[in-house]
Amino acid sequence: MELNDDLLLRYSRHILLPELGVTGQARISAASVLVVGAGGLGCPVALYLGAAGVGRLVLADGDRVDLSNLQRQIGHGTAAIGENKAASLARSVRAINPTIEIDARGEALAAAALDEAVAQADVVVDASDNFATRHAVNAACVRSGKPLVSGAAIGFSGQLAVFDPTRAGSPCYHCLFPDEAGEPELRCAEAGVFSPLVGVIGAMQASEVLKLLTEVGEPLVGRLLLWDGLRSDARVMKLRRDPLCPVCCPC
């Protein structure tokens, strides 16, 4: 993708990085990313990816902005209360970078619509807040062979992982959290969430997306990063593919 003078100036701090340069920025500008969820995690993800120049952002969320969201969902303002989150976030991203294409989907993608959106993306970001959506997005990514950047945040604790079905031995989200495990699901509305935590995890998700698009550095494939916001401490655990996983098992 050719970058004109204005774009070269806009992205000059990326281009100055020897690991990226013009080639890396051109890859970012030619890419398409699907962000599922326009809430606490989706806001920083979309804002950073938009600012970085991802050529096409698809934002999907069926919820509407509520006053209680504004403590942490930095892509929405008070005037957006009652508005669809995907539309509100798209407007905020356009205010930062009007040169990119943004497709706001004001619905919870499912079934064929989810498969189609995933198939058209280069990387998929799971910024949702429930297991059902996470498992559906993961299965769609496995079917289409698309890398998935998954994040979660609750209380003072966050986690981040990258699942890439194109890499040999890479586990999927189901390998880590089987949907039949019956784990209790905590929501921010019941457990609360530390405002900057979603920014920390969301920014790291955006970083992993850009690394995948530019093939720079080492993404968190086969690893799970656990962030303790109270102690400012991070742990990284190695993950293995479940040979009996019904979603990604090659058998």
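**Group meeting talk: salt bridges, a buried helix and a few odd residues**

Okay, let me start with a residue out on the surface: R231 has a relative accessibility of 60%, so R231 counts as exposed. Its salt-bridge partner is D233, and the closest N and O atoms of that pair sit 3.3 Å apart. D233 is partly exposed, at 28% relative accessible area. While we're on salt bridges, there is also a network: R56, E101, D103 and R105 are joined into one by bridges that share partners.

Before I go on, a reminder that what you're looking at is a predicted model.

Let me stay with that network for a moment. One of its links is E101 to R56, side chain to side chain, at 3.2 Å from N to O. E101 belongs to strand 3, residues 101–105, and R56 to strand 2, residues 56–60, so this bridge ties together parts of the chain that are 45 residues apart in sequence. How buried or exposed are the two ends? E101 is partly exposed at 43% relative accessible area, whereas R56, at 18%, counts as buried. The cut-off for buried is under 20%, so R56 makes it into that class with its 18%.

Now for a bridge inside one helix. K211 pairs with E208, with 2.8 Å between the closest N and O atoms. Both of them lie in helix 10, 3 residues apart, which is about one turn of the helix. And E208 is buried, with a relative accessible area of 5%. If you search the whole structure, you get 9 salt bridges.

Right, let's zoom out. What does the secondary structure come to? We have 10 helices and 8 strands. The radius of gyration is 17 Å, and the globule rule gives 18 Å for 251 residues, so the protein is as compact as a globular protein of that length. For the overall dimensions, the C-alpha trace spans about 50 × 45 × 40 Å along its principal axes.

How much of the protein is buried? Of the 251 residues, 49% are. On the contact side, take the contacts with a separation of 6 or more: 66% of them are between residues 24 or more positions apart. The accessible surface comes to about 11900 Å², and carbon and sulfur atoms own 54% of that. As for charge, there are 22 positive and 28 negative ones, and their mean positions are 3 Å apart.

Next stop, helix 3, which runs over residues 21–29. Which of its residues are buried? That would be G21, G24, Q25, A26, I28 and S29. And what do they pack against? Helix 2 (12–15), helix 4 (42–52) and helix 10 (195–214). So yes, helix 10 comes up again here, and you'll remember it as the home of K211 and E208.

Let me put two loop residues side by side. The first one I'd click on is N97, in the loop between helix 5 (85–96) and strand 3. N97 has a relative accessibility of 0%, so it counts as buried. Which residues does N97 touch, leaving aside those up to four places away in sequence? R10, Y11, G50, A51 and G53. For a sense of distance, N97 and T23 are 74 residues apart along the chain, and their C-alpha atoms are separated by 20 Å.

The other loop residue is D129, placed between strand 4 (123–126) and helix 7 (131–144). D129 has 43% relative accessibility and counts as partly exposed. From D129 to Y48 you go 81 residues along the chain, and the C-alpha atoms are separated by 20 Å.

Last thing, and these are ones to look at on the screen: two residues with positive phi. A111 has a phi of about 50° although it is not a glycine. A111 is in helix 6, residues 111–119, and at 59% relative accessibility it counts as exposed. The other is E215, again not a glycine, with phi near 60°. Where is E215? In the loop between helix 10 and strand 7 (223–228). E215 is exposed too, with 66% relative accessibility.

That's my tour. Happy to pull any of these up on the screen.

Methods:
Residues are numbered from 1 along each chain as its sequence is written. This is a predicted model: local features need pLDDT of at least 70, side-chain atom pairs count only at pLDDT 80 or more; totals for chains, interfaces and linings use all residues. Side-chain values use heavy atoms; hydrogens and water are left out. Helices (H or I, at least four residues) and strands (E, at least two) are DSSP runs, numbered from the N terminus. The radius of gyration is taken over C-alpha atoms; the globule rule is 2.2 Å times the number of residues to the power 0.38. Buried means under 20% relative accessible area, exposed over 50%, partly exposed in between (1.4 Å probe, protein chains only). Contact means heavy atoms within 4.5 Å. Accessible areas come from the Shrake-Rupley method with a 1.4 Å probe; for residues, only the protein chains shown count as cover. Lys and Arg count as positive and Asp and Glu as negative; His and the chain ends are not counted. The place of a charge is taken as NZ of Lys, CZ of Arg, CG of Asp or CD of Glu. A salt bridge is a side-chain nitrogen of Lys or Arg within 4 Å of a carboxyl oxygen of Asp or Glu.
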